[in-house]
Amino acid sequence: QVFKLKKSLYGLRQAPLKWFEKLREGMIERGLKQSQQDPCLFLADNLVAVVWVDDVLFFAREEKRIDDMIESLSEDFELKVEGDVTSFLGLKIRKFEDGSFEILQTGLIERILQVSGMIDCNPSKTPAAKLPLGSDVGGNKHFEGKDKYSSIVGMLLYLAGHTRPDISFAVHQVARFTHNPTRKHHTALKMILRYLKGTRDKGLLFRPKDDEENSGLHANCDADFAGLYEVERKDDPISVKSRTGFVIRLDNCPVVWKSKLQSLIALSTLESEYIALSQCMRELIPLRRVLSDITHAFGLDNVAAYAHSTVFEDNNGALQLANTGNLTPRTKHIALRYHHFRSEVDSGNIVVKHVESKEQVADIFTKGLTDNFIYLREKLMGW
């Protein structure tokens, strides 16, 4: 016999969608509007709600605004009110008296160190060696802890993607070899763990500054042209691929970052830098729209700092191409898809500016640093 359900049941494939539709209906009935940029973001006057499955975070200028909304929602939903947020989805939130706060994953770091047997290891000052990590063809594939390699990398990816942008490059390197790691890759993995041992009580520090230079939504982007050429086989196409690295910051606080090999093989440093710039813009442009929704909800539409965003680039060729759009025989082959942000630059919504290479924060996402790592990490993380 086949039965037709009158309502969704927990555990069915459609259940999560039906639950979200029910929650969305309840939010809209109470005056909240769903953001067109992010379906899990709901906004009203002086109130913002962020939804993750059945967890909801409310933000408002006055606590009474949140209390009234919770009281209204409790009429249709069975709610568990946690009060002031101290943790969310495994992230610990530590607040300070000056209004700043820090997001940490100390518990996850402790678990990683325990699982890997590195809880008593000696700390390292940097997470990655200066030389890039290659495939190590013919390397020793028999080493202690190989069975835990992919599991540890998975936990590190979650850590690097949420609260620790300073290890993004190092983690992405070791993640490339989860299918067949060698002792060399395991040594690189242990270097990350030794670095975490010395910084396990650190996280993302949100301490907005009043100065105009650091206010608003800004980005740094960089690229490492054919960085794997010396460590990969010359007949392997990946040896000539470049790496993109960028970070987007709101009031000097990192909110989005990435370290990733480019899918297209760039033919010059200029091209690799321009591709990195384009990939950064793909994250920055929709993020500007989300910020516009939030500032409008709190009546901050006229704040000058949010009127435009600045992207800092250290390659003069990419800088000129981004600002003028003038193609030359060396750049006319660059695919049209990478020019998508031109209208934003022409309108002044986004400004592309030059930054000195030694001040380029995004450098930390493209290569292993030794001498300059601590300085750039302080500029990025605030510690």
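This dialogue walks through a pocket, a surface patch and a cavity in a predicted model.

Biologist: How much space lies in the second largest pocket?

Modeller: A pocket is an open set of grid points. In this model, about 420 Å³ of space lies in the second largest one. Its lining has 14 residues, and Ala15, Pro16, Lys18, Trp19 and Phe20 are the closest to its centre.

Biologist: Which helix gives the most to that lining?

Modeller: Helix 1, residues 15-29, with six residues. Trp19 is found in this helix.

Biologist: What classes of residue make up the lining of the second largest pocket?

Modeller: Ten are nonpolar, one is polar and three are charged.

Biologist: Why does Trp19 count as partly exposed?

Modeller: Buried means under 20% relative accessible area, and exposed means over 50%. Trp19 has 31% relative accessibility, so it counts as partly exposed.

Biologist: Which residues form a nonpolar patch on the surface?

Modeller: Patch members need over 30% relative accessible area. Here Trp19 joins Trp52, Val53, Leu89 and Tyr158. Together they have about 490 Å² of accessible area.

Biologist: Now the cavities. How many are of 30 Å³ or more?

Modeller: In a cavity, the probe fits but cannot get out. The count here is one. About 60 Å³ of space lies in the largest cavity.

Biologist: Which residues line the largest cavity?

Modeller: Pro127, Ala128, Asp166, Phe169 and Ala170 are among them. Ile364, Lys367, Gly368, Leu369 and Phe373 also line the cavity. By class, the lining has seven nonpolar, one polar and two charged residues. Gly counts as polar.

Definitions and conventions: Residues numbered from 1 in each chain as written. Predicted model: local features only at pLDDT ≥ 70, side-chain atom pairs only at ≥ 80, totals over all residues. Heavy atoms only, no water. 1 Å grid on protein atoms, 1.4 Å probe; cavity = no way out; pocket = protein on both sides within 12 Å on 5 of 7 lines; lining within 4 Å. Points joined across faces, edges and corners; volume = space filled by probe spheres on them. Helix = DSSP H or I, 4+ residues; strand = E, 2+ residues; numbered from the N terminus. Patch = residues over 30% accessible without salt bridge, like charges linked within 9 Å, V, L, I, M, F, W, Y side chains within 5 Å. Areas by Shrake-Rupley, 256 points an atom, 1.4 Å probe, with all protein chains shown as cover. Salt bridge = Lys/Arg side-chain N within 4 Å of Asp/Glu carboxyl O. Buried < 20%, exposed > 50% of the residue type's maximum accessible area, 1.4 Å probe, protein only.
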